[in-house]
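Let's go through some of the labels people put on residues and contacts, and check whether each one is earned. Here is the model to look at.

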Protein chains: 4
Amino acid sequence: MTLDLVVKGGTVVTAGTQADCDVGVAGETVVVLGRDLRGWREIDARGRYVLPGGVDVHVHLSPPVEPKPGVEVWCDDFYSGTLAALAGGVTTVGNMTFQREGETLRGALERDLAAARRDAVADYILHPVLMHPTDAALAEIPALAAEGHTSLKIFMVLDGFDGQVDAYLDAMRAAGRAGMLTLVHCEDGAVVRCACRELLAQARTATRWYPETRPVVSEAVAVERAIAFGEATGAPIYVVHLSSAEALERCRRARAAGRAVYVETRPLYLYLTRERFDEPDGAKYTGAPPLREHTDVQAIWHGLRAGEVQSVCSDHAPWTLAQKLDPALTATTTRQGVADLETLMPMLFSEGVVRGRISLARFVELTTTNVARLFGLYPTKGTIAVGSDADLVVWDPQARWTVRGASMHSRAGYSVYEGWEVQGRPVVTISRGQVVMEGGAVTAARGRGRWVRRGPTERL
Amino acid sequence: MTLDLVVKGGTVVTAGTQADCDVGVAGETVVVLGRDLRGWREIDARGRYVLPGGVDVHVHLSPPVEPKPGVEVWCDDFYSGTLAALAGGVTTVGNMTFQREGETLRGALERDLAAARRDAVADYILHPVLMHPTDAALAEIPALAAEGHTSLKIFMVLDGFDGQVDAYLDAMRAAGRAGMLTLVHCEDGAVVRCACRELLAQARTATRWYPETRPVVSEAVAVERAIAFGEATGAPIYVVHLSSAEALERCRRARAAGRAVYVETRPLYLYLTRERFDEPDGAKYTGAPPLREHTDVQAIWHGLRAGEVQSVCSDHAPWTLAQKLDPALTATTTRQGVADLETLMPMLFSEGVVRGRISLARFVELTTTNVARLFGLYPTKGTIAVGSDADLVVWDPQARWTVRGASMHSRAGYSVYEGWEVQGRPVVTISRGQVVMEGGAVTAARGRGRWVRRGPTERL
Amino acid sequence: MTLDLVVKGGTVVTAGTQADCDVGVAGETVVVLGRDLRGWREIDARGRYVLPGGVDVHVHLSPPVEPKPGVEVWCDDFYSGTLAALAGGVTTVGNMTFQREGETLRGALERDLAAARRDAVADYILHPVLMHPTDAALAEIPALAAEGHTSLKIFMVLDGFDGQVDAYLDAMRAAGRAGMLTLVHCEDGAVVRCACRELLAQARTATRWYPETRPVVSEAVAVERAIAFGEATGAPIYVVHLSSAEALERCRRARAAGRAVYVETRPLYLYLTRERFDEPDGAKYTGAPPLREHTDVQAIWHGLRAGEVQSVCSDHAPWTLAQKLDPALTATTTRQGVADLETLMPMLFSEGVVRGRISLARFVELTTTNVARLFGLYPTKGTIAVGSDADLVVWDPQARWTVRGASMHSRAGYSVYEGWEVQGRPVVTISRGQVVMEGGAVTAARGRGRWVRRGPTERL
Amino acid sequence: MTLDLVVKGGTVVTAGTQADCDVGVAGETVVVLGRDLRGWREIDARGRYVLPGGVDVHVHLSPPVEPKPGVEVWCDDFYSGTLAALAGGVTTVGNMTFQREGETLRGALERDLAAARRDAVADYILHPVLMHPTDAALAEIPALAAEGHTSLKIFMVLDGFDGQVDAYLDAMRAAGRAGMLTLVHCEDGAVVRCACRELLAQARTATRWYPETRPVVSEAVAVERAIAFGEATGAPIYVVHLSSAEALERCRRARAAGRAVYVETRPLYLYLTRERFDEPDGAKYTGAPPLREHTDVQAIWHGLRAGEVQSVCSDHAPWTLAQKLDPALTATTTRQGVADLETLMPMLFSEGVVRGRISLARFVELTTTNVARLFGLYPTKGTIAVGSDADLVVWDPQARWTVRGASMHSRAGYSVYEGWEVQGRPVVTISRGQVVMEGGAVTAARGRGRWVRRGPTERL
């Protein structure tokens, strides 16, 4: 039998297998793992790893509010964002789909689905973000889950959160019952606003004060509260972009007590520390939560290794350098977020696997398998197995290169790791059997990406 | 020199001294500690302890809302309540003075001061309870502190708390700056309401479900949040009626990190466990938080011994048995609180000192010295020293007796320890040099109690 | 191409893949995963799981001392023990090879290798047990590692351990440097002996006192010390048969701090609690450490789920019921250990996967993949992938059966789970391409088992 | 009545009282606290504190081994040492009395009693140090306790400890039963020796490597083991000179679980950090354990404040600078210990009370009351009360001075705080009613010090 595509001679690595073999693809699917396979197209992967395509479930590729004159939003859309994804080895993204004022969750999803259908070059899922927990919105939850949207995002830091906390808990309960995973942005709004008022009173508004606006305690206590809300409602929770040792320790304790708590971190917290905010253009590093101390960085690495942090996602929320460094902004009004989709996997490989901090199997688990399970995509996504989508990355573990934001696909045009030396990168990306990136050139047609219907969240 | 009053021959015990000696009183004040003192009145304390009068800073002797037909409130007022206090060896009480709708904090204090001046037989302080954190109320805080009201109480469990959390944090900051201690009722309202909604949905409203309405997690996470709020605002906090090992552990960690966090427990959590709610008249035990498990009881005793719990106060919030057992009430509408002022010290002595769980010095610290320091009363109150108020209790460590609610001074008319065998009790209570209780008979004149002007909170 | 063997139509599950496909075997090796494969022999696995053969690295199939008249030892040898293994789905065992008085480590290994070569029906590795840390023994470590024996076992509880602790630390350092994993039996001998002396002084020697001879503190403190020794020497450690929440918590903290600490538990601690020792024939449950409380059981399950316990091995140390219940034995002289090899996987599947405590992927990880990695066997063992040994188990997830010790393959003749209802069991076991068990009947020829040369320990 | 001595007009502070009053002394005893007292001798204490004399239970004033030519030992004896004590406000010292080879505990005590009787100018107690846990030594324990020696010291770090650990546990059990407190030097000898071997192998023997010889883990794990031994034997334990956050956290957990564990720290760990060892004459700071990190210093201060560290004692083990800086010494052979008796109280007052880290009451508790209770001296020592020994210190809280080792009473001739600016100091020291220091000049006659018979340890 001649296959459509064969990736030949690489070391195929999943979270639980490692094999020197060929991967045979028919249509969009892996159909055979073996040796000496023949295909209409063959890709030479000798000396390289063949990994499952990355699954980055935390990106921002659609505007959270109706774009209006003067209101600036993230600079990538589904097109430029998923180009960056494929270039970086990520074949599935999860977009935060914000419910706007007066909108239902379904309305928001349909809006984003339309945009993604038009633009996306990688596959995608959407997380409805509950911004207005109205009765109508809560009532939609079971149906959305049944239709394959099995996640819900909430922001504890929102001004409106505390005043509507009862509705948010009802939403969590409904989500849990429907098999959804609740993603939680854990920063305590009251603490953050209190800190901001105090800094304003002291006229401390330069970027170097940014970490003070969102101290560790604001994250740690929000994590505790999210865990408590999960326990109270029976909802499994997924803590997004965890940044501190304190917050991690609290998740660890909850997990030791049997709670369904999962932890995502993002690249910023693995490579950079708060001293960055003292740099003249320190504003380019602002994200929420802020960069932390070296001890936090270490703790998160230990958590990745020990399995206490389950995923690394980009929280890609891109702005141009001009937007980030806008002199009108202050420590309390910064544009939060950075472009990180294209660098997500190479940086983690280089700083994690090459430097011996995590194993290759853990790398795969962190970037694909765990989130695929948690978000109901497994084993369609998140692994390389017979019957799984042929989302494959041929990875050159020896390639050395230098990060240059200007040459990447995000419209941000810069990287927070500008100039870093990296070892390892994807050389071919295959999405559902189609070669979509080769040697850095993304060849995917706009709109080829597909929404993925999801099953219920799986408990790890 | 002949003194006004001499307590002769007892073992005088404070948190840091122990002496077989006489205590000499002139007027309202201790003026000499020595031997062979002579007084116009002499009280024989041979074979007995002479202890500082108890300071119970957590009682409810005034109605929280305007009494109206059909609205029932606690059944003791400053008169019956302070009679119970003196009978039990407590010479100073701290009343929760609730700000009513439309009222300022000062207005509330004046209302209670008038009532206490008329009725109280023991000395007293008042804690303004911030129920409506208006700008006007917040603006009063510095002046109130300057006038000697150096504490502020907040209830995290209130329906309105989360929606006004920013104002509450501003209040805490103002209180901290003014030298006030912030007392915090730590139960997370969102978790409690969520649990109640769920129980109602399941028609689980019998008393035995009461603990489910306020699970440990609601207390633990509120304690974490109170600690975070203390850190964010710089306010020292005093966690009232802590009930669980989980919550205590969180305070312990905060203290280990140098936070100004103090912990009060109340008698209920030292002697009773949640099985009580399975009894036919289990409703008589309801307080907030509810009774917990045996492991919680043990943990709190360990905390008392190790010094991680700083005070034991009664949270005296009395209802008659008929009120408590009102069949119209359910698990989610129970009348919370029990009468415990008169039993506070004897029960702790019997179960704590006699049974070897805490030392006598710790007993004194827990019932008088620590709170006197924390609430700005020390050394006027909280010790026996030259110059201190002559608030003394002659304590018979051998007396054995049986708790009978009907024969105590609270109008509650019953005790949750009904029938318990107790060893040790006060046989004479002296308040500012005046013998106010002798052999169980309280002889104090209505209105003799006095408000105590306080200094700033002292950090232990 | 016609394969030697094809397992057809099952759901193939590894720690990181799940696929409905066939497994094709040529010779001893998996060579293809695909569909519609053809083989000389085909095994129908429809409706069943196809799992990697179990790897139980903790068994006792050789006598620790020279057998002499009157000295009784475990009742299984490599033959009966590995029969039990194959019957239970375990295709690789790790035997504890005790260095005897006057023997080198190599001598011990050669002795056991000879016995295993003669008798074993499953594959095996050997862990040299350092009983006499002589200079000669220590000097052998690098060479043994180079030859493929990449583990070393030490017993902290041994009488001689504390007096020779410096040599043991040197051994750990040498082992770590050589790429060996150090297995540690964590009970503090001083605490255990102290407890025994005290019980003897009180004439408390009935079986019900057995848990008192080895209290949780003896395990917890030994775990701390093993972790410290690991840190001091740079040696990764593997804590065998962890039994208590306290001990687990200490491992968790060490892992959070980045230490290379791995945790094994054994079945006893997942299903049974200390009340068993109050039964008339409670002695049949004795192992070291003893059974613990329900809260310990729960904590270990939580640890399995969260990934903080990395393996479940049997510690198969079989005695007949007559040996266990020998009336001459007392709480301080009990014969420790139970037969558990054949029940290891089915019990964990039934109590873990079927009851929803752990996922199927975790089950595979716990019984095969993690230990294969840790002990240098991966990916030869521990997964199903092209190039891996064809060690496969066809697992019927629906089969219901009842544990009957008498009908199992260990000479122990009884099971501590006698009469338990179990769901799930292996129906076919394949070892290196050979069907060695089918429908409960083990068909493997004595001596077919093979020693597996190992690489260095891999850090998870 | 005219008293022998009156200290007039000071602020008398104990752990639980504070009073502006006079202290009246008859003979050796406080007999009255009041105002306007008259005495044959009157000391003006206006504007000053009157505190209980310090109780420093951890000093080394006798040679541990038979002095021989070439064997150097600490440079103070009971005379110079207790001169330093009185000068610094310490009126009672506890000496470590080492059992020598072939000696019984009683023999050691008699030897030191003879020396102290001849030389001491302050009161003293002796702690027998169990260096040779022979049956004969163990058998003496009950009688020694009955005679008033209610403490026993053990060194976990000794070469011989691990090999004789069973005997040490028997000693602890006997001590606990006899009402003794067991003092434990917590460093794990195996870890320390392992670290030393490794450093020697790497030729890292300069002083800057000193901290590596005794890493935090060696202390932390020894603390865990001491706690476990306490639990196993029922013996209350007193951890001497705790130096690290890790070790403190373990004590805290043990106390939270109800264990009788008490913690002493010493001045070194409150004021200095490990960077000192990088100084050219860094060897002058060596003690065991070594100086730690800034985070450790902070943690211990937090522990002092929160009550989790119960005492601060000097561990006065003096050497001259020439001895300390002896070029023949290396990181693994350093002479451990520093002179700190005279600076103990002033430094803690200055750095603790004046800087607001601890309250004055806590200062008293830490330097006198807690150890007086723990070591069976209370209320004879450790407080100011009628009937207590008239051990008083008149303390000038404003005095500013500079540490100059050369002008102090220890023969060490230098201080590790050389040149530090200090606020607060004793201006008069009174021991059993006798003025023994005034304005810095010690006037006590050699041999006036008295051994204090002790009662059983009191559980705080």
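A residue gets called buried when its relative accessible area is under 20%, and exposed when that area is over 50%. Keep in mind that this is a predicted model.

Q: Why is D:His316 called buried?
A: Its relative accessibility is 1%. The cut-off is under 20%, so D:His316 counts as buried.

Q: What makes the link between D:His316 and D:Leu341 a polar contact?
A: The side chain of D:His316 reaches the backbone nitrogen of D:Leu341 at 3.1 Å. A polar contact needs N or O atoms within 3.5 Å, so this pair fits. D:His316 itself sits in the loop between β13 and α11 of chain D, and its contacts further off in sequence include D:His58, D:Asp76 and D:Ser410.

Q: Which residue does D:Asp315, in that loop between β13 and α11, pair with, and what does the pair tie together?
A: D:Asp315 forms a salt bridge with D:Arg266, with the closest N and O atoms 3.2 Å apart. D:Arg266 lies in the loop between β12 and α9 of chain D, so the bridge ties together parts that are 49 residues apart in sequence. Both residues are buried.

Q: How do you know that A:Glu365 and A:Arg362 form a salt bridge?
A: Their side chains meet at 2.6 Å, N to O. The limit is 4 Å between a Lys or Arg side-chain nitrogen and an Asp or Glu carboxyl oxygen, so the pair qualifies. The two are three residues apart in helix α13 of chain A, which means about one helical turn separates them.

Q: Are A:Glu365 and A:Arg362 buried or exposed?
A: A:Glu365 has 12% relative accessibility and A:Arg362 has 16%. With the cut-off at under 20%, A:Glu365 counts as buried, and so does A:Arg362.

Q: What makes B:Asp123 and B:Arg432 a link between distant parts of the chain?
A: They form a salt bridge, with the closest N and O atoms 2.5 Å apart. B:Asp123 is in strand β8 and B:Arg432 in the loop between β15 and β16 of chain B, 309 residues apart. Both are buried.

Q: How many salt bridges and polar contacts are there between chain B and chain D?
A: The salt bridge count is zero, while 16 residue pairs are in polar contact. On the chain B side, α13 gives the most, with five residues. Together the two chains bury about 3000 Å², 51% of it on carbon and sulfur atoms.

Definitions and conventions. Residues are numbered from 1 along each chain as its sequence is written. Chains are lettered from A and ligands numbered from 1 in the order in which they are written. This is a predicted model: local features need pLDDT of at least 70, side-chain atom pairs count only at pLDDT 80 or more; totals for chains, interfaces and linings use all residues. Side-chain values use heavy atoms; hydrogens and water are left out. Buried area is the accessible area (1.4 Å probe) that two parts lose on being put together, summed over both. A polar contact is a pair of N or O atoms within 3.5 Å; within protein, one must be able to donate a hydrogen and the other to accept it, and residues adjacent in sequence count only if both atoms are side-chain atoms. Helices (H or I, at least four residues) and strands (E, at least two) are DSSP runs, numbered from the N terminus. Buried means under 20% relative accessible area, exposed over 50%, partly exposed in between (1.4 Å probe, protein chains only). Contact means heavy atoms within 4.5 Å. Lists of a residue's contacts leave out its neighbours within four places in sequence.
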